[in-house]
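Q: Please take a close look at one pocket of this structure. What lines the pocket, and what else should I know about the spaces and contacts elsewhere in the model?

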Amino acid sequence: MIRPGDPSSLLNAGRRAADLRRLRDAGHTEVLVVGGGITGAGVALDAAARGLQVTLVERHDLAHGTSRWSSKLIHGGLRYLATGHVDVALESAKERHHLMTTIAPHLVRAIPTIIPNYGGKDPLISYAGLLAGDALRGIAGTKRSTLPHARRVDAATALQLAPALRSQGLKGAIVGWDGQVEDDARLVVAVARTAAAYGTAVLTHVDAVAVGNGQATLRDETGEFTVTCDHIITCTGVWTEELNPGIALSPSRGSHLVVRSGRLGDPTASMTVAIPEEFGRFVFAIPQPEGLTYIGLTDLATESLEPDPPQPTVEELAWLRERISAALETELREEDVIGTFSGLRPLVSDAHAATADISRRHLVAAQPDGVIAVTGGKLTAYRQMAQDAVDLISTRPCPTTGIALVGAPGDSRSRDRLTRRFGSEAPLLREAIEREPELGEHIADTPALAAEVVWASQAEGALTPAEAAESRLRVTMVDQWRGPAVAAVGEVWDQA
Ligand SMILES: Cc1cc2nc3c(=O)[nH]c(=O)nc-3n(C[C@H](O)[C@H](O)[C@H](O)COP(=O)(O)OP(=O)(O)OC[C@H]3O[C@@H](n4cnc5c(N)ncnc54)[C@H](O)[C@@H]3O)c2cc1C
């Protein structure tokens, strides 16, 4: 267990400068991990925990890529079951178990998910799917006290859980349970900080320009330099082809709407609405703890990786509104949407599959130039992906199912923001607020507190106010918040 605020786990500008200097002076690292999303952070932690000397380089900020734009579900894989990929679903259920019980119980909580029944055979199939998911939960060893079992409920109970559901024709619902992460970018930062506690040099704003044959050309703010490496593992998501021309991806854009939960009657369950003409596909409305609900998800093949971050199209947003409205008493209007976000799935190509069916499995591939590429998969399965990759370079047993991340344990269901987001480190922020009461003030009209800005720069590797605002406090998810919140974060940053 890493002590709250343990100096070895702190990421900040000073630590980065010292680690970067050491790397430049040595000109060598045992393991170079490229990419600071969930996969790269997971690989770095795994390799460092097996005793290897690790450097992680990320060309932007931690969680800059897809890892901050997910649906924030740690899921058992209902969709994989629906498409017959029982092995992928079982892997997800096992990883969910590790995350909820040992690795990050402070960040991952159980969330009920409700599938309304308006007749027809879809709900029965969904029920069968949830029962099968329940069986996988049992095989994974997750107790019912952690994830209750699926059950049918009557219409009145369904409306209690999701008050905005269309009541006409509602026969009842099926309620299942899954995992929800407080914030995907926080999970990445927690994994990266834990890797740092095991000795990893975490270097953001360092670009891997070229890798291969035991050597890497890196570029930081002062220019390019070369290091030799015993092992190179790229975890570069949708950018995998840049450093691994032998691997082909078929990226797919997934977009979400952000609405106020009040608009949906403050649901306590995630709503899962089947898309009639596409078997095994759903749209979700997933309530977050602080009054926002994310509605997703599209799945559209995309050729271009620009712009970065990706943007949803007008058609996608209209499609999402239309699909979720089919299950609502009052149609969701354009003005109900207070924010949007999109991410690109790093799907591994299969020329014969339609986009929504392309493999959701992960790929770990040793390339002819000695580089190991890890891509595909999902947030939920990052630990297994890392294990598979590091197994190729280490014969030591993988210890990561037993490693609690910084901040664990804690109470992911707490109403208190600091407890939910910082777990066992929350008292450190509260002490800071006691010393300097102005750190207890909110950042503009957002739920975030000024103390979080200071912690982002001292401990969480944010190098600029924008990085603190976007990927630590997440105060840019609502369009109206963005301008004032970024300005307020800047003010606190300047005084810190
Ligand atoms: C819309 C959407 C919703 C999703 N929802 C879920 C969900 O609810 N649950 C779930 O389990 N999964 C979900 N996923 C899948 C999951 O988000 C991704 O599989 C995962 O985040 C990919 O992480 P990654 O680290 O491989 O890639 P990324 O997060 O993209 O990280 C790659 C990193 O590599 C860096 N990089 C690239 N090239 C270089 C270079 N040359 N040098 C240095 N750095 C470089 C990039 O800047 C980036 O930060 C979702 C995906 C999408 C798109």
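A: The second largest pocket has a lining of 21 residues. Nearest its centre are Glu 436, Leu 439, Ala 450, Val 454 and Val 492. The model is predicted. The volume of this pocket is about 410 Å³.

Which elements supply two or more residues to that lining? They are α12 (426-435), α13 (450-458) and α15 (479-495). Ala 450 and Val 454 fall within the range of α13, and Val 492 within that of α15. By class, the lining of the second largest pocket holds 12 nonpolar, three polar and six charged residues.

Now the largest pocket. Its space is about 470 Å³. Its lining counts 18 residues. Pro 267, Thr 268, Gln 288, Pro 289 and Arg 413 lie nearest the centre. Strand β4 (residues 108-117) contributes the most to this lining, namely four residues. The class split for the largest pocket is six nonpolar, seven polar and five charged.

Next come the enclosed spaces. There are five cavities of 30 Å³ or more. The second largest cavity encloses about 230 Å³. Its lining is made of 19 residues. Glu 290, Tyr 294, Arg 417, Arg 421 and Arg 474 sit nearest its centre. Two elements, β14 (292-296) and α11 (417-422), each give at least two residues to the lining of this cavity. The top contributor is α11, with three. Tyr 294 falls within the range of β14, while Arg 417 and Arg 421 fall within that of α11. The lining of the second largest cavity contains nine nonpolar, two polar and eight charged residues.

The ligand has its own surroundings. A shell of 38 residues encloses the ligand. Thr 39, Glu 58, Ser 67, Leu 73 and Thr 380 are the closest. How is the shell divided by class? It has 13 nonpolar, 19 polar and six charged residues. At least two shell residues come from each of α2 (38-49), β2 (54-58), β8 (207-212), β11 (252-260) and β16 (337-345). The largest share belongs to β16, with three residues. Thr 39 lies within the range of α2 and Glu 58 within that of β2.

Polar atoms of the ligand meet the protein at several points. A ligand oxygen is 2.6 Å from an N or O atom in the side chain of Thr 380. At Leu 379, a polar backbone atom is 3.2 Å from an oxygen of the ligand. At Ala 208, a polar backbone atom is 3.0 Å from a ligand nitrogen. On its own the ligand has 1000 Å² of accessible area, and the protein covers 98% of this.

Last, the aromatic contacts. The whole structure contains three aromatic pairs. One of them joins Trp 69 and Phe 341. Their ring centres are 6.0 Å apart and their planes stand at 35 degrees, so this pair is tilted. Trp 69 belongs to the loop between β2 and β3 (73-74), whereas Phe 341 belongs to strand β16, so the pair ties together parts 272 residues apart in sequence. Strand β16 is also the element with the largest share of the ligand shell.

Key
Residues numbered from 1 in each chain as written. Predicted model: local features only at pLDDT ≥ 70, side-chain atom pairs only at ≥ 80, totals over all residues. Heavy atoms only, no water. Near = heavy atom within 4 Å. Polar contact = N/O pair within 3.5 Å; in protein donor to acceptor, adjacent residues only side chain to side chain. Areas by Shrake-Rupley, 256 points an atom, 1.4 Å probe, with all protein chains shown as cover. Nonpolar A, V, L, I, M, F, W, Y, C, P; charged D, E, K, R; others polar. 1 Å grid on protein atoms, 1.4 Å probe; cavity = no way out; pocket = protein on both sides within 12 Å on 5 of 7 lines; lining within 4 Å. Points joined across faces, edges and corners; volume = space filled by probe spheres on them. Phe/Tyr/Trp six-rings, centres within 6.5 Å; stacked < 30°, edge-to-face > 60°.
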